[in-house]
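Hi,

Here is the structure I said I would pass on. Have a look at it first, and then read my notes below.

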Amino acid sequence: MRKDSSPDRVITASIILFSITFVLMSPGGIGFCGEGGLKLNDRDYFEKRGFNVLVFENQYNGFFFDEKTAGILLIHHGERTATGGAVRLKPAPEQWDQIPAVVERKVDRETESIDVLLRYADFDFDSRIHVQPQGDGVVIRVTLDKPLPEKLEGRTGFNLEFLPSAYFEKTYRMDGRTGIFPLYPSGPMEVLQADTQLRQYAGHSTFDGHGRSEYVEPEPIATGRTLILAPEDQERRVQIQSTGGDLMLLDGRNVAQNGWYVVRTLIPANATGKVVEWLLTASTNPDWIRPAMIAYSQAGYRPDQEKIAVIELDKNDTPPATASVLRLDDRGEWTEKFNSAVSEWGPYLRYHYVRFDFSAVSDSGLYCIRYGGMKTGPFPIGKHVHDNGWQQTLDVWFPVQMDHMFVNEAYRVWHGAAHLDDALQAPVKHQHFDGYRMGDSTETRYQPGERIPGLNVGGWFDAGDYDIRTGSHCGTVCSFVESWERFGLLRDETLVDQGRRFVDIHRPDGEPDLLQQIEQGALALVAQHRAFGRAIPGIIEPNLHQYHHLGDGSTITDNLRYNPDLKAYQSDGSSSGTPDDRWAFTGRSPWDNYGSIAALAAASRALAGFRNDLAAECLALAEKGWIEEHQHPQPETRRGFMFGGTRETEAALQLFICTKDRRYGDRFQELLWPAMEKGANWNMKHAVRAAPYMDKAYRKRLLPFVRKYKTANDEMLKQNPFGVPVTTGGWAGNGFVIDWAVTNYLLHKAFPETVGPEYTYRGLDYLYGFHPASNISFVSGVGLRSKRVAYGSNRADFTFIAGGVVPGILVLKPDFPENKEDWPFLWGENEYVIDICAQYIFLVNAALDLGKEGK
Ligand SMILES: [Ca+2]
Ligand SMILES: [Ca+2]
Ligand SMILES: [Ca+2]
């Protein structure tokens, strides 16, 4: 999904919960116990112990369309189990189906109700949703002022989507008929004529008819008036009664693996006033207290580092005053080694927090933390604990992401050589669903649709999708070069053979893997400069029905050059008539071009002595690009621009490091200092990276900013109990935390008297489990318990790619931190991306370097 929207780009996005009128009825005889009804709380959602109903607090933001975080949401015994409650135009809407805009949302404290006015502009169609407590549930009522537009008759309904993984291995009952929720999608389908399909995002289609003019929709797996989900489970039991039309239960996964179980009632034709009314009740445990969560590092701690656990508590919990650390002996017995009072931190989001400082424990060994009746899993303390933290990211995760290569691992093939049919010039005036766009001209010497030679080389699948996104490639290459220059990582566990397009994991080939990855990135960037004389924004599948691909990247296209003389799905063996070749988006972008100039300059240093010809070409292209970009200057309009951050700054610095030419150094400072005045925290990462190459005056000028930065670091402990920057955008913030921790490492190296090592360790601990909501490590395969369900290319199998770093904790408005480990498909929580993974390699090595300071 990844476009340049993640939090170190634009912190936007957010999610609004739509409140629908769920009426929790007294359900009579099925054991819906609870103490009283839902109350509208001061955060504008309906609350009772063990159950919350959020009504469009989180809205569709239009950025990635339906992110399954908007509409009416249910949080049931601490888990978000339902989402997307809204009037929808399909039985099981996919990500790119039309979403309603919220025209108005009114919270009425007098009547304790929430009203939302929704609009589908395409059809000039408005609907109102009213949600109000009733009995011990909510009533959800849909009303229309005007009847459904004719085109929407028979296909418009009120939908609420239940999380499949929350109901796996559970049953349902529809009007007394019982069923088991399907573990794997297998429900009945209906085939419909393509021309009856409602417009999807920008006229694209998610369905590949393969030459047939049709599409499919799921049919109900159960129909009736009263549905009970999970009657056997007090923590998950929800009853929905429809007072009007039938309820239908559908399995959205039949059309899209990231679909949910949908409960829906159709809106009748020619009707106004109340058209749908549900009474929704959830069973609750009146004494429910969410178990305490002890946040700590699953990877363990160095003996000399700060060691803090943050304990997250239900607001109804009464926290014990002390916690202890136990040590495991060789007989398997735990002995208390340390105990101390916990210190109150206070409320943050929806929980209550205390902190437990056990820095005093420093003997090597295996430990756990005990708090109240809880014990954590074991974690090590020792000088070695971070030694292996970065290796799987380089050994496995990056090789798996390599585009244009066949990637093997022992008996397993991850994917074949992909995108050998790259690439065609993208058409003009085109808005792509992954954020790319073309203006009125190609701004190249190529005609729309024309083949561009030489682009089928190098690069990585940018994220859980498969595009070459230039911006993230530049960040990745720069970070790799920084790891190379700072830490000299010679590790060689992977064979990379560019000539044969062959990669073999766990097979050393005598060449450092890091340099081989730098080469992989440089080849893709150089190919763009050869073809266009500059960088372009990226290369991506043209069709939405290709883009949502899951699995082997070599099967997204047919790997045969498009030949317009053949019919679609016809091939002459070397070309085909299927228009599936990727498109190069070629609009002029100083942001991408300067990023590319920076990356090529950096790569030229690392590749010198390894691939001399490529190194020389990288530097020549960077210098030529710099001159040409200045010949027609155009403002950069991306990353951090509001804080004066530009990629020209990065390009100037990298060229200065390469050439020591004062012109670059002067331009760097000319751009940097005004930017520091505008947004020092944003631009500090550039400022500190330059410090080793600049004179004393530079350091002197930087020092006051560094002092302020350090103060801001310490202030973070007032904002949240973890003392790291926790973002609240629609893409969770691990990238931001890593960036911050790395910047602090560089500051510590440059200004050791001002900035200590603790922030770097803290950022790493955060990734490894020292964070809200759960204590899982966000790096797959690193730490005792880590992400085993993530949004990699293999997500349909509910699995992971070792060494990948996920975005982490998404904060749903107003107060719900979430990272689902039983559901891979929430990209804002679980999608690995290349530049963040590269920075993670640097961060672990930074921590290892701190360990060598001999404290
Ligand atoms: Ca992408
Ligand atoms: Ca190697
Ligand atoms: Ca093709």
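How many nonpolar, polar and charged residues are there in the lining of the largest cavity? The lining has 5 nonpolar, 3 polar and 2 charged residues. Before I go on, please keep in mind that this is a predicted model, and everything below is computed from it.

To stay with the cavities for a moment: the structure holds 9 of them at 30 Å³ or more. The largest cavity encloses about 70 Å³ of space. It is lined by 10 residues, and the ones closest to its centre are E67, T69, L810, L826 and G828. If you want an element to start from, go to helix 13 (residues 827-830), which gives 3 residues, the largest share of that lining.

Next, the pockets. The largest pocket has about 760 Å³ of space. There are 35 residues in its lining, and T206, D208, H545, Q546 and H548 are the closest to the centre. Two elements give two or more residues each to this lining, namely strand 15 (214-218) and helix 5 (544-547). Sorted by class, the pocket lining comes out at 14 nonpolar, 15 polar and 6 charged residues.

Now for the helices. I picked out two pairs for you.

The first pair is helix 3 (residues 470-487) and helix 11 (residues 734-750), whose axes come within 14 Å and cross at roughly 30°. Angles under 35 degrees count as roughly parallel, so helix 3 and helix 11 are roughly parallel to each other. Their crossing is left-handed. On the helix 3 side the contact is made by E482, R486 and F487, and on the helix 11 side by Y745, L746 and K749. The class count for this contact is 3 nonpolar, no polar and 3 charged residues.

The second pair is helix 9 (residues 662-690) with helix 10 (residues 696-719). Here the axes come within 10 Å and the crossing angle is roughly 60°, which makes helix 9 oblique to helix 10. The crossing of helix 9 and helix 10 is right-handed. As for who takes part, the contact of helix 9 with helix 10 has 15 nonpolar, 3 polar and 2 charged residues.

Last, some backbone details that you may want to look at on screen.

Which peptide bonds are cis? One of them runs from D422 to A423, with omega near -10°. A423 sits in the loop between strand 32 (412-415) and strand 33 (424-425). Another cis peptide bond joins K813 and P814, and omega there is about -5°. You will find P814 in the loop between strand 43 (810-812) and strand 44 (816-818). While you are in that part of the chain, recall that L810 is among the residues closest to the centre of the largest cavity.

D44 is also worth a click: it is not a glycine, yet its phi is positive, at about 70°. D44 belongs to the loop between strand 2 (39-40) and strand 3 (46-48).

That is what I have for now. Send me your comments once you have gone through the model.

Cheers

Technical notes
Residues numbered from 1 in each chain as written. Chains lettered and ligands numbered in written order. Predicted model: local features only at pLDDT ≥ 70, side-chain atom pairs only at ≥ 80, totals over all residues. Heavy atoms only, no water. Axes fitted to C-alpha atoms, helices over the stretch in contact; angles between N-to-C directions. Helix = DSSP H or I, 4+ residues; strand = E, 2+ residues; numbered from the N terminus. Parallel < 35°, antiparallel > 145°, perpendicular 65-115°, else oblique. Left-handed = near helix turned anticlockwise from the far one by under 90°. Contact = heavy atoms within 4.5 Å. Nonpolar A, V, L, I, M, F, W, Y, C, P; charged D, E, K, R; others polar. 1 Å grid on protein atoms, 1.4 Å probe; cavity = no way out; pocket = protein on both sides within 12 Å on 5 of 7 lines; lining within 4 Å. Points joined across faces, edges and corners; volume = space filled by probe spheres on them.
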